[in-house]
Amino acid sequence: MTDTWIYIAVMSAVTLAIRLVPPLLLRREIKNVFVRSFLFYVPYVTLAVMTFPAIVEATRTPIAGAAAFAFVLYLAWNGASLFRCAAGASVMVLIVEFFLL
């Protein structure tokens, strides 16, 4: 029981440190173009890193997930909306799993 409270305290301290340290250390605007562009893309990269394994592992076969991912990349590159991309990925998984299984 005591270990649980220690884990919660450590998790809270780490979360608080991550949120408080940058504003305390960086008091002025960041003017470096490289750092600004790096920080701009961090949320997108984090989302992609968390989403991609789920795309491949959520299907019965990784091939269906990879095919859906490739199809969604094609759709997104050509300006399809988020709804069309999601629907296209679902249809692609159904097609690939129907022919493979």
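So, let's start in the middle of things: helix α3 uses its buried residues to pack against two neighbours, α2 (33-57) and α4 (82-100). Before I go on, keep in mind that this is a predicted model.

Okay, α3 itself. It runs over residues 62-77, which makes 16 residues, and the distance from its first C-alpha to its last is 22 Å, close to the 22 Å expected at 1.5 Å a residue. Which residues of α3 are buried? They are A64, G65, A68 and L75. If you look down the axis of α3, those buried residues fall within an arc of 95°, so they line one face of the helix. Now turn to the face pointing away from that buried side, and you find P62, I63, Y74 and W77, which are exposed. And just after α3 ends, there's G79, with a positive phi of about 85°.

Next up, α4. This one has 19 residues and reaches 27 Å between its first and last C-alpha atoms, close to the 27 Å expected at 1.5 Å a residue. The buried set in α4 is C85, G88, A89, V93, V96 and E97. They cover an arc of only 155° around the axis, and that puts them on the same side of α4. What do those buried residues pack against? They pack against α3. Over on the other side of α4 you have F83, R84, L94, F98 and F99, and those are exposed.

Let me zoom in on two residues in α4, and I'll take V96 first. V96 lies in helix α4, and it counts as buried because its relative accessibility is 15%, with the cut-off for buried being under 20%. Leaving out residues up to four places away in sequence, V96 touches I63, A64 and A67. The I63 pair is a nice one to show: V96 and I63 are 33 residues apart in sequence, and their C-alpha atoms are 7.9 Å apart in space.

The other one is E97, also found in helix α4. Here's the thing I'd like you to look at on the screen: E97 is buried, yet it has no salt bridge. Where is the nearest side chain of opposite charge? That's R60, 4.1 Å away from E97, and a salt bridge needs the nitrogen within 4 Å of the carboxyl oxygen. Setting aside neighbours within four places in sequence, E97 is in contact with T59, R60, T61 and A64. A64, you'll remember, is one of the buried residues of α3, and V96 touches A64 too.

While we're on charges: how many salt bridges does a search of the whole structure find? One. The side chains of R36 and E29 meet in it, at 3.5 Å from N to O. As for how accessible the two partners are, R36 counts as partly exposed, at 44% relative accessibility, whereas E29 is exposed, at 55%.

Last bit, the annotation. The unreviewed UniProt entry lists residues 6-26, 38-55 and 61-77 under "transmembrane region". In the model, the 6-26 span is 95% helix and 0% strand, and its end C-alpha atoms lie 30 Å apart. For 38-55, the span is 100% helix and 0% strand, with 25 Å between the end C-alpha atoms.

That's my tour. Happy to pull any of it up on the screen.

Technical notes
Residues are numbered from 1 along each chain as its sequence is written. This is a predicted model: local features need pLDDT of at least 70, side-chain atom pairs count only at pLDDT 80 or more; totals for chains, interfaces and linings use all residues. Side-chain values use heavy atoms; hydrogens and water are left out. Buried means under 20% relative accessible area, exposed over 50%, partly exposed in between (1.4 Å probe, protein chains only). Helices (H or I, at least four residues) and strands (E, at least two) are DSSP runs, numbered from the N terminus. The expected span of a helix is 1.5 Å times one less than its number of residues. The arc is that of the directions from the helix axis to the C-beta atoms. Contact means heavy atoms within 4.5 Å. Lys and Arg count as positive and Asp and Glu as negative; His and the chain ends are not counted. UniProt positions are given in the numbering used here, feature names are shortened, and annotations may be inferred rather than shown by experiment.
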